[in-house]
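Student: I should like to go through this model by asking how each term applied to it is justified. May we begin with the helices?

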Amino acid sequence: MPEPLRRPLASAARNSDRLVKLVNDIISLETMSLGEAEFIFEPTPALVVIRDVVNLCSPSIDECGATVVVRGEGFVANLDASRMTQALTNLLMNALKFSP
């Protein structure tokens with residue numbers, strides 16, 4: 001791929017990923033409001049979920065010039081990894097969006 005196209009195409013790919021996530025969030029909210037949400041709680045290493053979220057958001061983190069440091073001891077939490085990933089991704093993206 002020619003170098004001049006790499007950056008715009010990468011940006012377009014990130015934006016389309018964000019749009020897919022937004023649509024999925026809307027569907028999830030509608031499902032929850034109808035009382036049809038399904039949660040699958042399983043013992044899950046919390047740091048794995050947190051690191052996954054940081055990796056998912058790394059292009060936006062880089063664009064903002066921010067730094068996210070994940071530290072701490074690993075612990076296992078009884079959670080729905082998919083829903084927790086969604087919630088933490090939304091939280092981190094909002095923090096990046098509204099940070100100076």
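Tutor: Let us first fix the naming: helices (H or I, at least four residues) and strands (E, at least two) are DSSP runs, numbered from the N terminus. Residues are numbered from 1 along each chain as its sequence is written, and side-chain values use heavy atoms, with hydrogens and water left out. The model is predicted, and local features need pLDDT of at least 70, side-chain atom pairs count only at pLDDT 80 or more, while totals for chains, interfaces and linings use all residues.

Student: Which residue follows α1, and what is the sign of its phi?

Tutor: G35 follows α1, and its phi is positive, near 75°. Just after α2, G65 likewise takes a positive phi of about 75°.

Student: How many residues has α1, and what does it reach from its first C-alpha to its last?

Tutor: The expected span of a helix is 1.5 Å times one less than its number of residues. With 31 residues, α1 reaches 46 Å between its first and last C-alpha, close to the expected 45 Å. For α2, which has 19 residues, the reach is 25 Å, close to the 27 Å expected.

Student: Where does α2 bend, and by about how many degrees?

Tutor: The bend at a residue is the angle between axes fitted to the seven residues ending there and the seven starting there. At S58 this angle in α2 is about 60°, and the proline P59 follows within four residues.

Student: What makes T89 count as buried?

Tutor: Buried means under 20% relative accessible area, exposed over 50%, and partly exposed in between (1.4 Å probe, protein chains only). T89, found in helix α3, has 7% relative accessibility and therefore counts as buried.

Student: Which residues does T89 contact, leaving aside its neighbours within four places in sequence?

Tutor: Its contacts (heavy atoms within 4.5 Å) are V53, L56 and C57. By comparison, E73 lies 16 residues from T89 along the chain, and their C-alpha atoms are separated by 21 Å.

Student: Which residues of α2 are buried, and what do they pack against?

Tutor: The buried residues of α2 are A46, L47, V49, V53, V54, C57, S60 and I61. They pack against α1, β1 (42–45), β2 (76–79) and α3.

Student: Why is V68 placed in its accessibility class?

Tutor: V68 has a relative accessible area of 32%, so it is called partly exposed. This residue lies in the loop between α2 and β2. Not counting residues up to four places away in sequence, V68 touches V54, I61 and L92. The C-alpha atoms of V68 and C57, 11 residues apart along the chain, are separated by 9.9 Å.

Student: Which residues line the second largest pocket?

Tutor: On a 1 Å grid over the protein atoms alone, a cavity is a set of points where a 1.4 Å probe fits but cannot get out, whereas a pocket is an open set with protein on both sides within 12 Å along at least five of seven lines; lining residues have an atom within 4 Å of a point. Here the lining consists of K21, N24, D25, L56, S82, R83, T85, Q86, T89 and N90. Two or more of these residues come from each of α1 and α3. The largest share, six residues, comes from α3.

Student: Which elements each supply at least two residues of the lining of the largest pocket?

Tutor: They are α1 (3–33), α2 (46–64) and α3 (81–97).
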